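Student: I would like a close look at a single part of this model, taken slowly and set in the context of the whole chain. Could you walk me through one strand and its surroundings in one connected account?

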Amino acid sequence: MGGRMLTTEESFDGPVELTLEQVVTLRRPAWTSSEQQDDTEFYFDGVHFWRQRPGWLHQLTPPSEVPADGWLHSGECSCAVCRPRTRLTA
Ligand SMILES: [Zn+2]
């Protein structure tokens, strides 16, 4: 934590970052951007959260142990959060 904070309104060309709450609400596959704690990345498959660490098998992870923000959807996602950006780059 302590990195730069971008609100979704300030979406430049970069990917839209979502909060954990948005990820759970939207129920779409999502993953965290890199530079999380120890090279560990987290993935949400629409139902469950997974921990991904280099050299490790994916580990099922409770929502209480995943980052509260910094989540990304696919670049082709068309959910309510990503759609404005998709239209912009189309
Ligand atoms: Zn999305």
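**Strand β4 and its surroundings**

Tutor: Let us begin with arginine 51, which, apart from neighbours within four places in sequence, is in contact with Thr40, Phe42, His58, Gln59 and Thr61. This arginine is found in strand β4, and it counts as partly exposed because 17 C-beta neighbours lie inside 10 Å. Threonine 32 is 19 residues away from arginine 51 in sequence, and the two C-alpha atoms are 10.0 Å apart in space. The model is a predicted one, with an average pLDDT of 81 over the chain and 73% of the residues scoring at least 70, and these values should be kept in mind throughout.

To place β4, consider the chain as a whole, which has 2 helices and 6 strands that follow one another from the N terminus as β-α-β-β-β-β-β-α. The strands make up an open sheet of 6 strands in the order β1-β6-β2-β3-β4-β5, with antiparallel pairing. Because β1 (17-18) and β5 (59-61) stand at the edges with a single partner strand each, one side of each is left without a neighbour in the sheet. In the order of the sheet, β4 is placed between β3 and β5, and Gln59 and Thr61, which are among the contacts of arginine 51, fall in the range of β5 (59-61).

On the β3 side, strand β4 (residues 49-52) runs antiparallel to strand β3 (residues 41-44), and 4 bridges join the two. Within this pairing, tyrosine 43 has tryptophan 50 of β4 as its bridge partner, while glutamate 41 stands opposite glutamine 52, also in β4. The two strands form a hairpin with 4 residues between them, and in its turn glycine 46 has a positive phi of about 105 degrees. A positive phi also appears at arginine 27, at about 55 degrees, although this residue is not a glycine; arginine 27 lies in the loop between α1 and β2 (30-32) and is exposed, since 12 other C-beta atoms lie within 10 Å.

Strand β3, the hairpin partner of β4, has two unlike faces, for Phe42 and Phe44 make up the covered one and Glu41 and Tyr43 the uncovered one. In general, side chains of a regular strand alternate between the two faces of the sheet. Beyond β3, the sheet continues with β2, which pairs with β3 in the antiparallel sense over 2 bridges, and here alanine 30 stands opposite phenylalanine 44 in β3.

Alanine 30 leads from the sheet to the largest nonpolar core, which has 13 residues and in which Leu18, Val23, Ala30 and Trp71 have the most contacts. Helix α1 and strand β3 each supply at least two residues of this core. Leucine 18 is in contact with Val23, Ala30, Trp71, His73 and Val81, leaving aside its neighbours within four places in sequence. Over the chain, 19% of the 90 residues count as buried, and of the contacts with a separation of 6 or more, 49% are between residues 24 or more positions apart.

A final word concerns confidence by element: helix α1 (residues 20-26) has the highest mean pLDDT, 96, whereas helix α2 (residues 83-89) has the lowest, 60.

How values were computed. Residues numbered from 1 in each chain as written. Predicted model: local features only at pLDDT ≥ 70, side-chain atom pairs only at ≥ 80, totals over all residues. Buried ≥ 20, exposed ≤ 12 C-beta atoms within 10 Å, placed from the backbone. Contact = placed C-beta atoms within 7 Å. Pairing = 2+ DSSP bridges. pLDDT = per-residue confidence, 0-100. Core = buried A, V, L, I, M, F, W, Y, C linked by C-beta atoms within 7 Å.
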